[in-house]
Amino acid sequence: MIWLGIETSNSPLSIAIVKDGQVLVEIVENVKLTHSVTAMPTIQELFHKAKMKPMDIDAIAVSEGPGSYTGIRIGVTIAKTLAWTLKKPLVGVSSLKVLAANGELFNGIICSLFDARRQNVYAGIYQGTDLETVMEERHTSIDDLLSQLQSLNKPVLFIGSDVENFKENIKEQLGELAIFAPSSITLPRASKLIEVAETKSLPSIEEVHHFVPQYHRLAQAEANWIQDQKKR
Amino acid sequence: MSDRIILAIETSCDETAAAIIRNGHEIVSNVVSSQIESQKRFGGVVPEIASRHHVEQITIVIEETLEKANMQPSDLTAVAVTEGPGLVGALLIGINAAKAFAFAHNLPIIPVHHIAGHIYANALVQPMQFPLLALVVSGGHTELVFMKEHGSFEVIGETRDDAAGEAYDKVARVLNMPYPGGPHIDRLAHEANEGVEFPRAWLDDTYDFSFSGLKSAVINYKHNMDQRGEEIIPEQVAKGFQDSVVEVLTTKTVRAAKEFNVKQVIAAGGVSANKGLRSSLEQAFEKEKIPFTVPPLKFCTDNAAMIGAAATYMYEAGVRGDLSMNGIPGKELKSWI
Ligand SMILES: Nc1ncnc2c1ncn2[C@@H]1O[C@H](COP(=O)(O)OP(=O)(O)O)[C@@H](O)[C@H]1O
Ligand SMILES: [Mg+2]
């Protein structure tokens, strides 16, 4: 079973080809280039290194969000188009779970998060090596997230390059219970994405057309419109 | 020479479109999925909503295009896609889909300028005659483009503020018409015998245009009438506005066609669907004895068939993109020869 994994949901880029559970090639970049420019050439390069043709893969895994709207869409568009035209199943994995998977050996609670600005975050809370969901991935205020974590009263591993932005706040709320992941595991890895995807059942090929990003937020204009409708 | 069969993709604004074009003029299949129903809620195109819809539609639209053509990827010569101008987030969906498809099937990729596409919509109807003058009028553009030959573009005049379509849409909003307002103004204008008198921005000695003054004049007129407690007659406002736009566009296009001594004049872009403009240009060029063409309505608004037509000529000229291609929201119209 050969997998192609695509992770572009935030500014880092990661692509991997994994064969029967073994990583053949993987790239993890954090140089803030445009995914639209780098993603496809990187995919081409990895196929070349793995001495494979596009047709050789059996399934595609993509990080489905949340994160940067444009970033997610680039990965999802590439993944959808390849899956559809090569007739391969497409599996989506939460970008927060991909990140949390970097800390799966931690014996306790794992919280991955991305900064969503104005003291808000996209966050997920998981537990154990099989990353059991403690809190569904969602868009929430940092304060609500921290009080929820406080109520669990267990050590929490924080993962994500944006954790830095909230470090003081986290320490204040959780004190000794807060543990911060080293920077070497704060970048998402497409091999981890594939690992999580392999635990899911393969959807049918027909479902590719209906695959959509998980933004976890309405577009501003749509949110305003819904508000207006309620007022009427 | 073997057939040139191009799969073209266009997602620069609010239509997700794909088409297959044989030899630059024959439409093998043409699919357009419009977001108008969704975008109407917001009274205009919201970029984030447009991008979201494109991701939902893109593979469905491309598959339908191949199925209608009864073709496989192996039948194709190249993949073409709109590179810009347009909404960057929207462009990126078409571009990344095109790149992934081209990679999967080892096809060359051709980056197409959206306005070149609008102009080449005319090649779907009849061969273009050079030198040629194109009046491009759409939601985002108002330009006079001189073409010496295929692939050669010289912008001799353009709008200094609002595009003609933009002015139509804004005036429509003043008259409480739904988005997009162009067709509604066009319809209303034909229901009045007399129009309100509005100014014309001539910008003499240039081929440039300006529509924001006209738009403000309409807004002021409505405001003054409101203050006096008088009702405006929408039909008369629509006619007055349209007469001003059409007269300026026609006069400048005729003057440029004569000065540049062109063999053909074409109109392109969404506003060239306008009945008043079409008949005014037709009459004017009949008098001047210069052939004038405008594509059928469905090729005036955004579509991928026009992108495929332009791409065929680019392909012949050796133009190729690659997998690092990006969306260029403000892309300039440049010659490819
Ligand atoms: N009959 C018409 N009269 C005037 N304007 C029209 C008519 N039909 C469409 N339009 C205008 O054309 C524009 C859309 O054209 P299009 O080529 O899709 O624009 P763009 O690609 O620049 O967004 C809109 O502004 C719309 O109001
Ligand atoms: Mg257009």
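In which helix of chain B does V254(B) lie? In this predicted model, V254(B) is part of helix α8, which covers residues 234–259 of chain B. The legends below describe this residue and several other sites in close-up.

**Figure 1. Surroundings of V254(B) in helix α8 of chain B.** The relative accessibility of V254(B) is 11%, and the residue counts as buried because that value is under the 20% limit. Apart from neighbours within four places in sequence, V254(B) is in contact with A284(B), F285(B) and E288(B). F42(B) is 212 residues from V254(B) along the chain, and the C-alpha atoms of the two are separated by 37 Å.

**Figure 2. Packing of helix α2 of chain A with helix α3 of chain B.** Helix α2(A) comprises residues 69–86 and helix α3(B) comprises residues 88–105. The two helices pack at an angle of about 35 degrees, and their axes are 8 Å apart. Their crossing is right-handed. From α2(A), the contact involves T70(A), R73(A), I74(A), T77(A), I78(A), T81(A), L82(A), W84(A), T85(A) and L86(A). These residues meet L92(B), I93(B), N96(B), A97(B), A100(B), F101(B), F103(B), A104(B) and H105(B) of α3(B). By class, the residues of this contact divide into 12 nonpolar, 6 polar and 1 charged.

**Figure 3. The annotated site formed by H114(B), H118(B) and D302(B).** An unreviewed UniProt entry lists these three residues under "binding site". They span 189 residues in sequence, yet no two of their C-alpha atoms are more than 8.8 Å apart, so they gather at one spot. The lining of the largest pocket includes H114(B), H118(B) and D302(B). H118(B) is found in helix α4 (residues 114–120) of chain B and is buried, with a relative accessible area of 1%. Beyond its neighbours within four places in sequence, H118(B) is in contact with A268(B), G269(B), G270(B), C300(B), T301(B), D302(B) and M306(B). D302(B) is placed in the loop between β10 (292–293) and α10 (305–316) of chain B. D302(B) also counts as buried, at 15% relative accessibility. Residues up to four places away in sequence aside, D302(B) touches E10(B), S12(B), C13(B), E15(B), V32(B), H114(B) and H118(B).

**Figure 4. A further set of chain B residues annotated as "binding site".** The UniProt annotation, from an unreviewed entry, covers V136(B), V137(B), S138(B), G139(B), G140(B), D169(B), G182(B), D186(B) and N274(B). From this set, the lining of the largest pocket takes in S138(B), G139(B), G140(B), D169(B), G182(B), D186(B) and N274(B). G140(B) is in the loop between β6 (132–137) and β7 (142–147) of chain B and is exposed, with a relative accessible area of 52%. D169(B) lies in helix α5 (residues 164–174) of chain B and is partly exposed, with a relative accessible area of 22%. Not counting residues up to four places away in sequence, D169(B) touches Y179(B), P180(B), G181(B) and G182(B).

**Figure 5. Cis peptide bonds at P66(A) and P85(B).** Most peptide bonds are trans. The bond from G65(A) to P66(A) is cis, with omega near 0 degrees. P66(A) is placed in the loop between β4 (59–63) and α2 of chain A. In chain B, the bond from G84(B) to P85(B) is cis, with omega near -5 degrees. The loop holding P85(B) runs between β4 (78–84) and α3 of chain B.

**Figure 6. Positive phi angles at L203(B) and K289(B).** Most residues other than glycine have a negative phi. L203(B) is not a glycine, yet its phi is positive, at about 40 degrees. L203(B) sits in the loop between α6 (182–189) and α7 (212–227) of chain B and is partly exposed, with a relative accessible area of 25%. K289(B), likewise not a glycine, has a positive phi of about 60 degrees. K289(B) is found in the loop between α9 (275–288) and β10 of chain B and counts as exposed, at 71% relative accessibility.

**Figure 7. The regions annotated "domain: Gcp-like" in chain A and chain B.** In chain A, the annotation in the unreviewed UniProt entry covers residues 32–225. This stretch is 38% helix and 21% strand, and its end C-alpha atoms are 34 Å apart. In chain B, the annotation, also from an unreviewed UniProt entry, covers residues 26–308. That stretch is 46% helix and 16% strand, with its end C-alpha atoms 10 Å apart.

How values were computed
Residues are numbered from 1 along each chain as its sequence is written. Chains are lettered from A and ligands numbered from 1 in the order in which they are written. This is a predicted model: local features need pLDDT of at least 70, side-chain atom pairs count only at pLDDT 80 or more; totals for chains, interfaces and linings use all residues. Side-chain values use heavy atoms; hydrogens and water are left out. Axes are lines fitted to C-alpha atoms, for helices over the stretch in contact, and angles run from 0 to 180 degrees between N-to-C directions. Helices (H or I, at least four residues) and strands (E, at least two) are DSSP runs, numbered from the N terminus. A crossing is left-handed if the near helix is turned anticlockwise from the far one by less than a right angle, and right-handed if clockwise. Contact means heavy atoms within 4.5 Å. Ala, Val, Leu, Ile, Met, Phe, Trp, Tyr, Cys and Pro count as nonpolar, Asp, Glu, Lys and Arg as charged, and the others, Gly among them, as polar. UniProt positions are given in the numbering used here, feature names are shortened, and annotations may be inferred rather than shown by experiment. On a 1 Å grid over the protein atoms alone, a cavity is a set of points where a 1.4 Å probe fits but cannot get out, and a pocket is an open set with protein on both sides within 12 Å along at least five of seven lines; lining residues have an atom within 4 Å of a point. Buried means under 20% relative accessible area, exposed over 50%, partly exposed in between (1.4 Å probe, protein chains only).
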